[in-house]
Every structure is written in C-alpha cells, then in structure tokens.
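Please look over the following model with attention to its aromatic pairs and to the packing of its helices. A short briefing on both topics follows.

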Amino acid sequence: MATHRFFIKQIDHASKEIEIPGNIAHQIQHVLRLKKGDRVIVLDGEGKAYQVELTRVDTGAATGKIIEVGEVKSGLNAHVHLFFPLSKKKKVEWILQKGTEVGVYAFHPFISQRSLVQSSAMSEKRKTRWESIIREAAEQSGRNRLPILHKPESLSIAIKIANVSLNKVIAAWVGEGNRILKDALSDTRHLVKSIETVPSLGLFVGPEGGFSESEIEALKQTGAETVSLGAHVFRMETAAVVFPALVMYELSDL
C-alpha cells in the first residue's frame, strides 16, 4: 500500500518531531484510520520530504518522529505558470484543484476588462481556503512540491511579471485561427532538452467574455504568442485546465 503524503509548511527543521495540524490529524485518525507506529511522508512544499513514524494519534492532534529526511525535485520538465481571470468562487476553486492535479507550477489570478470579478482584494479567509484546496489536490495527485499561489493583480501587471520572469509566454485566444500550440512549443522542447535548469512557461487564459483587442495587443507587444486551442470554444474554467494539460502532454509531463 502506498505511503500517505501530507504537506505541512510549519516544520522545525532542528527538531526530531513534527506536530501535525488539527485538520490533517483528523484525516489521519478518522478518514485514513492510521495509528501509532504507522509511517507517513511529510513534505514542506519547498523540496524536503520527511519519513515520519506516528508517535501519537489523538482526537484533533497527532505527532510524528522524523525517521529520515530527503530532497525532492518538482519532477516537471517545465514550470507552467497559469495566468487566469478572477471569476465566481466555484470556478476559481475548480481551476486551482484541477490545475494542481495536471501539474501547474504557479497560479497567477488577474483582473481584466471583462473578468467577472473586478476587485483584486483577497481576504485572509479566501487565501487560506485556496491554499487548502491546492494542498489537498497536491496530496491526492502525488505532487512533490506545492504550487505557488500569487496574489491577484491587474492584467497589465500580470503581463509585466510574465515578461520579465519567464522564458516564454503564450496566450490562448479564440481570435487566433492559424497558430496551434504544438508550433508555439517547438522552441520550448529544445530548451527542455538543452538546458540544465527547468524552463518556465507562462500561459494566459482570457475571461468569460474573452480578451479585448487592446489586451491581446498588450500581450503581443511584450513578446507573447497567441495560439488556438482547437475548433471548439471552451468555457474559461475549461480552458484554464485544458491549456496547461496540453502543454504538459506536449512536453512529456503527462
């Protein structure tokens, strides 16, 4: 049986024990039915993995003894940064969950001219909720590291961030009738094979009403390429998962 894996950020690296948070302790005791003496893998989300033997499993609390510490890599051929518009609660949560499962490296929510949500404010409650969804999806799908969740920005700021920090930027656009994703990724495949570091790739998905002409022009002016995702028009939240999944497939990460 596979060893259960959990992400815990607050780890005292000098300690020989790990205090397991209440929500994870509840899962360990009441869902997975693990007991004292069972072993689990605890990941800090940043590259370290701890083999832990449970020493206490009580209601709402659990403790484990660190048996072994190791390093883990992302295991990805490319770091995919997904830039997507803020939208209704269920849509955003679905994107975070499914995007994590397919291998998105970082999430960048943004506000655009036609996005359903026009405020970039993110409460601590919402941030905690989103991080919890990402963590649970990462545990379920066997990710070695937690995807990064960036704070929402305006589209103009998001474009600047992508332009200065990523190797390549691609935007999915219904107005692009000629260029397909496979063509746009040809040079990225070369990067994957030729450089030691993992290349970074920014993917932009437009809102329910699509990108405006001026937004597409702003993307193109910074060197972003536009591609078609096929003959059918996807919902925003569908495109936000299909787009990175297709990229991961083309780069042999799926």
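**Aromatic pairs and helix packing**

Phenylalanine 84 and phenylalanine 107 are both buried, where buried means under 20% relative accessible area, exposed over 50% and partly exposed in between, with a 1.4 Å probe and protein chains only. The model is predicted, so local features need pLDDT of at least 70 and side-chain atom pairs count only at pLDDT 80 or more, while totals for chains, interfaces and linings use all residues. Residues are numbered from 1 along each chain as its sequence is written, and side-chain values use heavy atoms, with hydrogens and water left out.

**Aromatic pairs**

- The structure holds four aromatic pairs, a pair being rings of Phe, Tyr and Trp (its six-membered ring) with centres within 6.5 Å, counted as stacked when the planes are under 30 degrees apart, edge-to-face over 60 and tilted for the rest.
- Phenylalanine 84 and phenylalanine 107 form an edge-to-face pair, 6.5 Å centre to centre with 85° between the planes.
- Phenylalanine 110 and phenylalanine 204 form a tilted pair, at 6.1 Å centre to centre and 35° between the planes, and both residues are buried.
- Ring pairs link Phe83, Phe110, Phe204 and Phe211 into a cluster.

**Helix H1**

- In helix H1 (residues 22-31; helices are DSSP runs of H or I, at least four residues, and strands runs of E, at least two, numbered from the N terminus), the buried residues are Ile24, Ala25, Ile28 and Gln29.
- Seen down the axis of H1, these buried residues fall within an arc of 125° and so line one face of the helix, the arc being that of the directions from the helix axis to the C-beta atoms.
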